[in-house]
Structures are given as C-alpha cells and as structure tokens.
Amino acid sequence: EHRKAMEDVTGLLGEKDRVDRSMVLDRSMAVDSLQANVAALEAALQHERAELVARSAQVTTLQHDLELLRHDLDAAQLRALKADEKAARLVEQLRQADLAQQKVEAERDLLV
C-alpha cells in the first residue's frame, strides 16, 4: 500500500511537472506573441513619425512658397498702383492738352 501511494505521488508529481512545463510553454509563447506585437507597433510608430517629419518638411516648404507668393503679390500690387497713378497722370495730361487745344482753337476762331 505504501508502494502504491508512492507510485500515485510520483505519478501526480510527474503530471504536475508536465502541467507546469505546459503552462511555462504557453506563457512563453504568449510573451513571444506580445513582444512581436510590441515590435510591430514600434515599427508602425516609427513609420508614422517618419511620415510626420516628411509632412512637416512639406508644410515648411509650402509656408516658404506662400511667403514668396505673398511677396510677389505685394510687388505686383505696388506695380499696379504705380501703373494706375501713371495712367491717372496721363489722363490728366490728355485733359490738359485737350483744354489747351480747345483754347487754341477758340483763339483761332476769334482771329478768323
């Protein structure tokens, strides 16, 4: 009976050892899976960071381009303003010339 009890205990210890090894293996596989998931998430995060850096560079370039366009627009508006002023002076000169011509014609008509 003692021998039977020892065999039962030995059997139970063997079964416990097998269950323990199985649990350790399962946990090890779970840890490996989690580590793979973490590595994939870190790679995805790195990719997103690289895209963010690239987009930031694009934004900086676009801001610079916009600043240049604003400068060009300001210069074009200044040229347009100067052209308008010049056109206004020319219109005034034409009006003065027309008045002078009318005066000359009126004086000529008086002399005739």
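In the predicted model, arginine 95 has a relative accessible area of 41% and is therefore partly exposed. Its salt-bridge partner is glutamate 92, with the closest N and O atoms 2.8 Å apart. Glutamate 92 is likewise classed as partly exposed, at 35% relative accessibility. The two residues lie 3 positions apart in helix H1, so that about one helical turn separates them.

A similar arrangement is found between glutamate 67 and arginine 70, which form a salt bridge with a closest N to O distance of 3.5 Å. Glutamate 67 and arginine 70 are also 3 residues apart in helix H1, which covers residues 2-111, and are therefore separated by about one helical turn. The relative accessible area is 47% for glutamate 67, which is partly exposed, and 44% for arginine 70, also partly exposed.

A further salt bridge joins the side chains of arginine 108 and aspartate 109, at 4.0 Å from N to O. Arginine 108 is partly exposed at 49% relative accessibility, whereas aspartate 109 counts as exposed at 52%. In total, the structure holds 6 salt bridges.

With regard to the overall fold, the secondary structure consists of 1 helix and 0 strands. The C-alpha trace spans about 160 × 15 × 10 Å along its principal axes. The radius of gyration is 47 Å, against a value near 13 Å for a compact globule of 112 residues. Of the 112 residues, 0% count as buried. The accessible surface comes to about 10,300 Å², with 62% belonging to carbon and sulfur atoms. The protein carries 16 positive and 22 negative charges, and the mean positions of these two sets are 2 Å apart.

Definitions and conventions:
Residues numbered from 1 in each chain as written. Predicted model: local features only at pLDDT ≥ 70, side-chain atom pairs only at ≥ 80, totals over all residues. Heavy atoms only, no water. Helix = DSSP H or I, 4+ residues; strand = E, 2+ residues; numbered from the N terminus. Rg over C-alpha atoms; globule rule 2.2 N^0.38 Å. Buried < 20%, exposed > 50% of the residue type's maximum accessible area, 1.4 Å probe, protein only. Areas by Shrake-Rupley, 256 points an atom, 1.4 Å probe, with all protein chains shown as cover. Lys, Arg positive; Asp, Glu negative; His and termini not counted. Charge placed at Lys NZ, Arg CZ, Asp CG, Glu CD.
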